[in-house]
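Thank you for making room for this on the agenda. I would like to walk through one structure with you, and I will keep to what can be computed from its atoms.

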Amino acid sequence: MPFKPEIEKISLGDSYQMASKRLNNLWKRLNRDPTMKLLYSEFLREYKNLNHMEEITNCNLSNDDGYFLPHLGVLRPSSITTKLRVVFDASAKTTTGYSLNDLLCAGGVLQDDLFSILTRFRKHQHAFTADISKMFRQIEINPSQRKYQKILWKEGPEENVKVFALKTVTYGTTSAPFLSTRTLQQLAKDERENFPIASKVLLEDFYMDDCLSGASDINQFMALKKELGELLLRGGMTLHN
């Protein structure tokens, strides 16, 4: 994660008490909504099973120099794919008045503007849209920085609280869009010789994790679809939708 230079002069302070209070408030809501409680538990269970987070059993809460991310759920019953999105709040203030996002650089704009992408998309004889499945979570964070992405969780209101560290780029952090975009562009450059057509699409026809592209004839279209899927697999990513 790209930290601002002044992080060495600023103490993030205590974030555990804030995150603990937010967790207790979350469980009050979950107890009122059995469906949300089930989806929330399943989401974090999947997070752990996919090795996108790991439990920390030796966390020193009295002398912690990291950051605890509070989290909350946004329920969307009408959604076909993701009915619950768990949002990690990296803007929550600590005892010193700072949040993790206060100390992170946002990074520059790397992708083309959406208007240009849409304009090119409308010119294709054969067009397609797709997105990368769980893109942020396919990109690992340096192990030395995972202390800034700790969360608290318990399986029930009376259960013991456990500490987990999120191991991948996390939705809700200021730098997440830049890190994911920069990773995609590096993948495209690294694999340019092996996948020249798909590399160009990855560099020019993506807006965040969404692809808007196509080709002039059906043979080019099918070749691009195949090549783009293979290119993204080189980075452990898959296209869907």
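I will take the pocket, the cavity and a surface patch in turn.

Please keep in mind throughout that this is a predicted model.

Let me begin with the open space. The largest pocket encloses about 920 Å³, and of the 28 residues that line this pocket, the ones closest to its centre are Phe-43, Thr-82, Arg-85, Lys-134 and Arg-137. If you want to follow the lining on the screen, look for helix H2, which spans 34-49, together with strand S3 at 84-88 and strand S4 at 126-132, since each of these elements supplies at least two lining residues. Which element gives the most to the lining of the largest pocket? That is H2, with five residues. As for the chemical character of the lining of the largest pocket, sorting by class gives 12 nonpolar residues, seven polar ones and nine charged ones.

Now to the enclosed space. The structure holds one cavity of 30 Å³ or more, and the volume of the largest cavity comes out at about 40 Å³. Its lining is made by Ala-19, Arg-22 and Leu-23, along with Leu-69, Pro-70, His-71 and Leu-152. Helix H1, running over residues 16-32, is the element that gives the most to this lining, with three residues. By class, the lining of the largest cavity divides into five nonpolar residues, one polar and one charged.

While we are on helix H1, I would also point to Trp-27, which lies in that helix. Is Trp-27 buried or exposed? Trp-27 counts as buried, because its relative accessibility is 3%, and the cut-off for buried is under 20%.

From there we can move to another part of the chain. Trp-27 and Phe-115 are 88 residues apart in sequence, and their C-alpha atoms are separated by 42 Å.

Finally, the surface. Leu-114, Leu-118 and Tyr-207 together make a nonpolar surface patch of about 240 Å². One of these residues, Leu-118, belongs to helix H3, which covers residues 114-121. Leu-118 has a relative accessibility of 36% and therefore counts as partly exposed, given that this class lies between the 20% limit for buried and the 50% limit for exposed.

To return to the two spaces for a moment, H2 is the element to look at for the lining of the largest pocket, and H1 is the one to look at for the lining of the largest cavity.

Note on methods: Residues numbered from 1 in each chain as written. Predicted model: local features only at pLDDT ≥ 70, side-chain atom pairs only at ≥ 80, totals over all residues. Heavy atoms only, no water. 1 Å grid on protein atoms, 1.4 Å probe; cavity = no way out; pocket = protein on both sides within 12 Å on 5 of 7 lines; lining within 4 Å. Points joined across faces, edges and corners; volume = space filled by probe spheres on them. Helix = DSSP H or I, 4+ residues; strand = E, 2+ residues; numbered from the N terminus. Nonpolar A, V, L, I, M, F, W, Y, C, P; charged D, E, K, R; others polar. Patch = residues over 30% accessible without salt bridge, like charges linked within 9 Å, V, L, I, M, F, W, Y side chains within 5 Å. Areas by Shrake-Rupley, 256 points an atom, 1.4 Å probe, with all protein chains shown as cover. Salt bridge = Lys/Arg side-chain N within 4 Å of Asp/Glu carboxyl O. Buried < 20%, exposed > 50% of the residue type's maximum accessible area, 1.4 Å probe, protein only.
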